[in-house]
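I set aside some time today to look through this model and keep notes as I went. Here is what I looked up, in the order I got to it.

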Amino acid sequence: MKIATGLADRLLFAAGLLLFLQIPQFIDHYTQRYAGYRQALADSVQQYQASADVHYDGDLQLMIHEFETAAAPAMRDMGRKMDGERIRLDEMTAGLATLRSGSLPARIAQVARGYDSPLLRATFDDFKPGLPLTVDAAICGLAGGILASGLFNLLIWPLRRLIDRRPLLRV
């Protein structure tokens, strides 16, 4: 029993280590995709700004307001779309700053906030596991190994106590 649990413990530690090693690498892949989406959004908002520069003395908010209060429903929809993209650009710019230079827990939290978004799913679909050799990966990997091993030992502890208490049958 002791050999089997020891082996299982080591295997779970290794599995946890390898699984959690992937977290910083996944975040890097997500950051690259996020930056691309943010840039596309910035290009779109820049086109709105160029139009506002020509027709509204550079006041994008005034242009958006006129679209949102226009009589035609299509114009109101465009105004809402422009305003939504402008707001989303500000949010993505702040998120990208965190993803590029934040601490590991801050970057993990930033990715977690995007849970179940198409961007996160697309990143996961294209992700290829690797063996990253960074400090963040080592920290995550060790945490994962310790977590997996700790959970296993916590779950197996009552069984070990039961076996240790049982008297040995001697013939």
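**Entry 1: Gln22 and its surroundings**

I started with Gln22, which lies in helix H1. I kept in mind throughout that this is a predicted model. Is Gln22 buried or exposed? With a relative accessible area of 12%, Gln22 is buried, because the limit for that class is under 20%. Next I listed what Gln22 touches, setting aside residues up to four places away in sequence. The list reads Phe127, Pro129, Gly130 and Pro132. Phe127 caught my eye there, and I followed it into the next entry.

**Entry 2: aromatic pairs**

I ran a search of the whole structure for aromatic pairs, and three came back. For the pair of Phe26 and Phe127, I noted ring centres 5.4 Å apart and planes at 75°, so this pair is edge-to-face. Why does it tie together parts that are far along the chain from each other, 101 residues apart in sequence? Phe26 belongs to helix H1 (residues 2-55), while Phe127 sits in the loop between helix H5 (118-126) and helix H6 (135-165), so the pair links those two parts. I then checked burial for each partner. Phe26 is buried at a relative accessible area of 14%, and for Phe127 I also read buried, with a value of 14%.

The rings of Tyr30 and Tyr34 were next on my list: their centres are 5.6 Å apart and their planes stand at 45°, so I wrote this pair down as tilted. Both tyrosines lie in helix H1, four residues apart, which is about one turn of the helix. Tyr30 is buried, with a relative accessible area of 3%. Tyr34 counts as buried too, at 3% relative accessibility.

I also looked for clusters, and found that Phe26, Phe124 and Phe127 form one.

**Entry 3: back to Phe26**

I wanted the full neighbourhood of Phe26, a residue of helix H1. Which residues does Phe26 contact, leaving aside its neighbours within four places in sequence? They are Val111, Leu120, Thr123, Phe124 and Phe127. For Leu120, I also took the C-alpha separation from Phe26: it is 9.9 Å, across 94 residues along the chain.

**Entry 4: helix packing**

I turned to helix H3 (residues 73-101) and helix H4 (residues 104-113), which pack at an angle of about 140° with their axes 8 Å apart. H3 and H4 are therefore oblique to each other. Their crossing is left-handed. Which residues meet there? On the H3 side I have Gly95, Thr98 and Leu99, and on the H4 side Ala106, Arg107, Gln110 and Val111. Sorted by class, this contact of H3 with H4 holds three nonpolar, three polar and one charged residues. Val111 had already appeared in my notes, as a contact of Phe26.

I then took H1 and H3, where the angle is about 145° and the axes are 9 Å apart. H1 passes H3 in a left-handed crossing. How do the residues of this contact divide by class? I count 14 nonpolar, four polar and seven charged for H1 with H3.

**Entry 5: the loop after H1**

I finished in the loop between H1 and H2, where Asp57 is found. What stood out was its backbone: Asp57 has a positive phi of about 50° although it is not a glycine. I flagged it because most residues other than glycine have a negative phi. Is Asp57 buried or exposed? At 78% relative accessibility, Asp57 counts as exposed.

Gly58 is in this loop as well, between H1 and helix H2 (60-68). I have Gly58 down as partly exposed, at 29% relative accessibility. Not counting residues up to four places away in sequence, Gly58 touches Gln49, Ala52 and Asp53. As a last lookup, I took the C-alpha atoms of Gly58 and Tyr48: these residues are 10 apart along the chain, and the atoms are separated by 9.8 Å.

Definitions and conventions. Residues are numbered from 1 along each chain as its sequence is written. This is a predicted model: local features need pLDDT of at least 70, side-chain atom pairs count only at pLDDT 80 or more; totals for chains, interfaces and linings use all residues. Side-chain values use heavy atoms; hydrogens and water are left out. Rings of Phe, Tyr and Trp (its six-membered ring) pair if their centres lie within 6.5 Å; planes under 30 degrees apart count as stacked, over 60 as edge-to-face and the rest as tilted. Buried means under 20% relative accessible area, exposed over 50%, partly exposed in between (1.4 Å probe, protein chains only). Axes are lines fitted to C-alpha atoms, for helices over the stretch in contact, and angles run from 0 to 180 degrees between N-to-C directions. Angles under 35 degrees count as roughly parallel, over 145 as roughly antiparallel, 65 to 115 as roughly perpendicular and the rest as oblique. A crossing is left-handed if the near helix is turned anticlockwise from the far one by less than a right angle, and right-handed if clockwise. Contact means heavy atoms within 4.5 Å. Ala, Val, Leu, Ile, Met, Phe, Trp, Tyr, Cys and Pro count as nonpolar, Asp, Glu, Lys and Arg as charged, and the others, Gly among them, as polar.
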